[in-house]
Amino acid sequence: MKKLSLYLILLCLPGLLLSQNAEDVVAPFIGMAGPGSRADGIGQAYAGIADDFSAIHYNPAGLAHITWAELSLGGTYFSLDNSVTTTKNETVTANTTRNYFHTNSLGYVWPVYGLKFTLGVGYNTVALTDQALRIQWQDSTEFTNEESNLGAYTIAGGYQLQKELSVGIGLHLYRGDNVYSSQMYRVGETNSAYEIDSHYSGVGFTLGILWAPIDFLRTGFSFKSPKYLDVDETLTGTWGDWNGNYQIQSPPEVQLGQSVTLGNFLVAGSVVWKDWSSSEMSADIPGYNGVPIDIEVNHNIQNDFASVLELAAGAEYLLPIMDAKIRGGVHHVPSYRNDDSVGDRLVLSGGVSVILAQQFKVDWSISRASWAEIYNQQESADIINTWSTINFSYRF
């Protein structure tokens with residue numbers, strides 16, 4: 001989130017777009033809710049499974065092992081619970097529930113007749129996050145709210161080189177938004193407010209490999225290129241309006257996943273490497289003391305951001321009598337910063353799926369992420385994000 005004292009920057013640097021800092025470069029990439037209820041329910045340890053529409057996001061090589069056409073539709077319900085502690089040891093809780101159905105996937109997968117090739121097209125959520133805070137001092141109160149969503153329109157294909165080995169590629173057109181708002185109320189002073197609207201657009205690609213030497217064992221590898229996004233940003237507030245444009249780049253991602261099926265049990269795990277210090281900003285905007293703002297921001301990124309390994313694991317059990325599956329998972333997401341200002345995120349998840357009439361399947365999952373953020377010596381926050389996803393798929 002933007003710092004609570006950003007309005008002071010406006011007074012010092014009139015005419016500049018205020019939200020450009022290191023945190024804003026990674027803001028659209030750190031949301032945790034992804035496409036596919038099954039993948040979410042198993043902790044997103046999915047690169048070594050990838051046997052439904054969400055393979056276009058996790059590992060497009062998995063498409064080659066899909067032998068049926070599939071139409072998929074999914075959505076997400078999001079809620080959050082944040083508590084903030086001030087230096088006076090006062091605790092104020094900001095609780096916000098968003099009662100909306102956000103489409104996290106919509107697409108179609110079909111094998112090409114006569115070829116060992118399967119094609120998939122559609123839309124899927126890449127990152128979804130939501131935060132709200134109320135911070136109170138002796139003479140002032142500030143309310144802040146941030147909603148961010150990044151999605152991808154994707155065309156992907158998987159080809160079976162051999163019975164046990166497949167490769168795949170996905171091409172992504174990214175679109176998304178981030179809306180940040182703040183209202184400040186001070187005793188004896190004029191109230192102030194501002195809102196920053198950021199619109200993202202860009203491109204990227206995913207390469208995948210899936211190796212299945214025996215029926216019950218799968219090993220998946222995927223490489224996600226950096227996401228190259230153009231950002232159009234507008235600020236409206238008490239002090240006036242500003243707008244500007246700049247470019248940001250996420251780090252590449254390398255993921256290795258493994259799944260093992262033993263009877264009615266499936267166990268999966270994955271590790272993802274990201275070097276957040278390779279994130280980058282490009283902008284033709286002057287900064288403080290005449291230093292271009294992108295040079296300053298990129299310097300801060302290289303010094304303050306970390307290289308991390310995300311770990312995920314999950315399990316699934318088939319209930320043969322009911323033709324249903326139950327699943328659970330855990331996902332550890334280390335902080336992108338070297339310091340302690342943003343804590344590691346722990347995501348716990350679970351879910352179920354039911355097959356109806358042999359062709360129609362319903363998947364449902366629920367996930368809970370918790371972490372802490374330290375804004376300065378006076379304020380810290382314990383944040384809980386909860387989301388639930390549901391997917392409907394029809395195979396024919």
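**Group meeting: a walk through the model**

Okay, let's start on the outside: strands β1 (70-85), β15 (345-356) and β17 (380-395) each put at least two residues into a nonpolar surface patch. Helices and strands here are DSSP runs, numbered from the N terminus, with H or I over at least four residues for a helix and E over at least two for a strand. Before I go on, this is a predicted model, so local features need pLDDT of at least 70 and side-chain atom pairs count only at pLDDT 80 or more, while totals for chains, interfaces and linings use all residues. Residues are numbered from 1 along each chain as its sequence is written, and side-chain values use heavy atoms, with hydrogens and water left out.

Back to that patch. Its members are L71, L73, L106, V354, L356, F360, F392, Y394 and F396, and together they have about 750 Å² of accessible area. A patch takes residues with over 30% relative accessible area and no salt bridge, joining like charges within 9 Å and nonpolar side chains (Val, Leu, Ile, Met, Phe, Trp, Tyr) within 5 Å. A salt bridge, by the way, is a side-chain nitrogen of Lys or Arg within 4 Å of a carboxyl oxygen of Asp or Glu. Areas come from Shrake-Rupley with a 1.4 Å probe, and for residues only the protein chains shown count as cover.

Take L73, which sits in β1. Is L73 buried or exposed? Somewhere in between: L73 has a relative accessible area of 37%, so it counts as partly exposed. The cut-offs are under 20% for buried and over 50% for exposed, with partly exposed in between (1.4 Å probe, protein chains only).

Now the whole protein. It has five helices and 17 strands, and 53% of its 396 residues count as buried. The accessible surface is about 17200 Å², and carbon and sulfur atoms hold 59% of that.

Next, the strands around β6. β5 (residues 165-186) and β6 (residues 192-214) run antiparallel, with 20 bridges; we call two strands paired if DSSP finds at least two bridges between them. Along that pairing, V167 faces I209 in β6. Five residues lie between the strands in this hairpin, and G188 has a positive phi near 75° there. β6 also pairs antiparallel with β8 (residues 228-237) over ten bridges, where H199 has D232 as its bridge partner. Then there's β7 (residues 217-224), antiparallel to β6 over seven bridges, with T206 opposite K224. The hairpin from β6 to β7 goes through two residues.

On to the inside. As a rule, nonpolar side chains in soluble globular proteins tend to be buried together. The largest nonpolar core here has 26 residues, and L150, L229, I248, W276, M281, F305 and Y336 have the most contacts inside it. A core means buried Ala, Val, Leu, Ile, Met, Phe, Trp, Tyr and Cys residues joined through side-chain atoms within 4.5 Å. At least two residues each come from α2 (22-26), β4 (140-162), β8, β9 (240-249) and α5. Another core, of 14 residues, lies apart from that one and includes M32 and Y375.

What does W276 touch, leaving aside neighbours within four places in sequence? Its contacts (heavy atoms within 4.5 Å) include V26, F29, P251, I301, F305 and Y336.

Last stop, N300 in helix α5 (residues 293-304). N300 is partly exposed, because its relative accessibility is 28%. Beyond four places in sequence, N300 touches A22 and F305.
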